[in-house]
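Colleague: I have just opened this one and have not looked around yet. Could you take me through it?

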Amino acid sequence: MKKIFLLLVSVVLLGCSSDSDSNDNPETACGTATITNVSQNFETLTVSWQSQGNFNYFEIGYDASGNLNGQVNSNTTFNYSFTSTNNSIATEVLDAESINFFVQENETFSFYIRAQCVNGQFTDWQGPFVLQLNEVCSKPENLNVFGDELDWEFNSFSINASYFQVEYGLQGFSTGTGTQITTNDEYVVGLAMEQGNIYDFYVRAFCENNVGWSDWAGPVSYFADQDYNLCNPPSNVQYFIEYITGSSAGVRFEWDYNGETQFEHVLVSNNGNPDNGTISSSDTFGWPVYTGLSTFADYDFYVRGVCNDGTRTVWVGPLNVNP
């Protein structure tokens, strides 16, 4: 009888112990989560995992491996962490300066994952998944379009940019299919746009020390409220008398730019050939004035646009002038 009683007590104690272990170990209670891969694309880190169970969300913590020393528990605070409700994959952007600092320190990164159970408890941290980071070229910042000019900023304390590439096209275009411009400056001018269209603009940097291209920054969008740099000839050419003194006059000429910013103009005698006259240049910062014209003579005025590639539009004229 005594043996039977002891056997029953042992069974009860074992049952209690099993229930207690289940409650104290939330990973056993609600499931598991394990990282299967971490990859780097420029400044974007992509973490993939497998899980079993029902969870509210997943938490990914990561840090330089040397900072963790493999000692991770429920009280560990990671320098970098993020959460996701996705069941298998998430991305995180880590700035280029941080990445390059740890690469130059020859540090790997260790990634851990845990999940919050539906009862609010957390599973244990699982990991590490160790990733060897690659140096990256910082993305340009603060893209801004105004008229036919695009500018940006490049800030990096570790790797300098050798030059930049701009690409733009109609809103929604894919990089690699647009208009490309390469420049050493942090701006470009003379963008070609057609009135009434919306354009997307991207910029990337090419960094020294064989680091290569940055990721594309953008898009920033811009509505073209007029034509810009489409090699359109000027129109609506007019002249205005500035003064008349005796038989001498001064005449100012104006016209519609039609998207161009550089022009050539010439004043010749009536029925003269514009190519044989003295050709002058002007821009959009003032109108040309011809002085000392005879009030007893007739003149012809011509103007043409100078396009981005250096070609010229047709001459617009003659505008007969009789001051």
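Colleague: How do β17 and β20 pair, and over how many bridges?
Modeller: β17 and β20 are antiparallel partners with 4 bridges between them. Strands here are DSSP runs of E with at least two residues, helices are H or I runs of at least four, and both are numbered from the N terminus. Two strands count as paired if DSSP finds at least two bridges between them.

Colleague: Is this a predicted model, and what is filtered?
Modeller: This is a predicted model, in which local features need pLDDT of at least 70 and side-chain atom pairs count only at pLDDT 80 or more, while totals for chains, interfaces and linings use all residues. Residues are numbered from 1 along each chain as its sequence is written, and side-chain values use heavy atoms, with hydrogens and water left out.

Colleague: Back to the strands. Which residue stands opposite Tyr290?
Modeller: Val251 faces Tyr290 of β20 across the pairing.

Colleague: And how many bridges join β16 to β17?
Modeller: β16 and β17 run antiparallel and are joined by 8 bridges. In that pairing, Ile244 stands opposite Ala249 of β17. The hairpin of β16 and β17 has 2 residues between the strands, and Gly246 there has a positive phi near 65°.

Colleague: What about rings, how many aromatic pairs are there?
Modeller: The structure has 33 aromatic pairs. The rule takes rings of Phe, Tyr and Trp (its six-membered ring) with centres within 6.5 Å; planes under 30 degrees apart are stacked, over 60 edge-to-face, and the rest tilted.
Modeller: One of the pairs is Tyr239 with Phe253, which is tilted, at 6.2 Å centre to centre and 45° between the planes. Tyr239 is in strand β16 (residues 235-245) and Phe253 in strand β17 (residues 248-256), so this pair ties together parts 14 residues apart in sequence.

Colleague: Is Phe253 buried or exposed?
Modeller: Phe253 is buried, at a relative accessible area of 0%. Tyr239 is partly exposed, at 27%. Buried means under 20% relative accessible area, exposed over 50%, and partly exposed in between, using a 1.4 Å probe and protein chains only.

Colleague: Why is the pair of Phe253 and Tyr290 edge-to-face?
Modeller: Because the planes of Phe253 and Tyr290 stand at 85°, with the ring centres 5.6 Å apart. Phe253 in β17 and Tyr290 in strand β20 (residues 289-294) are 37 residues apart, so to speak a link between distant parts of the chain. Phe253 and Tyr290 are both buried.

Colleague: Which residues form one aromatic cluster?
Modeller: The cluster consists of Tyr239, Phe253, Trp255, Tyr257, Phe263, Trp287, Tyr290 and Phe301.

Colleague: Where does Arg114 lie?
Modeller: Arg114 sits over the face of Phe122, 4.1 Å from the ring centre. Arg204 is placed over the face of Trp213, at 4.0 Å from the ring centre. For this, NZ of Lys or CZ of Arg must be within 6 Å of the ring centre and within 35 degrees of the ring normal.

Colleague: New topic. How many salt bridges are there?
Modeller: The count is 5 salt bridges, each a side-chain nitrogen of Lys or Arg within 4 Å of a carboxyl oxygen of Asp or Glu.
Modeller: Arg304 forms one with Glu264, with the closest N and O atoms 2.8 Å apart. Arg304 is in strand β21 (residues 299-306) and Glu264 in strand β18 (residues 262-269), so the pair ties together parts 40 residues apart in sequence.

Colleague: What does Arg312 form a salt bridge with?
Modeller: Arg312 also has Glu264 as its partner, with 2.8 Å between the closest N and O atoms. Arg312 is in the loop between β21 and β22 (316-321), so this pair ties Glu264 in β18 to a part 48 residues apart in sequence. Arg312 is partly exposed at 41% relative accessibility, whereas Glu264 is buried at 9%.

Colleague: And Arg252, what is its partner?
Modeller: Arg252 forms a salt bridge with Glu254, the closest N and O atoms lying 2.9 Å apart. Arg252 is partly exposed, at 21% relative accessibility.

Colleague: Last one. What order does the open sheet of 3 strands have?
Modeller: The order is β8-β9-β12, with antiparallel pairing. β8 (141-146) and β12 (187-189) are at the edges with a single partner strand each, so one side of each has no neighbour in the sheet.
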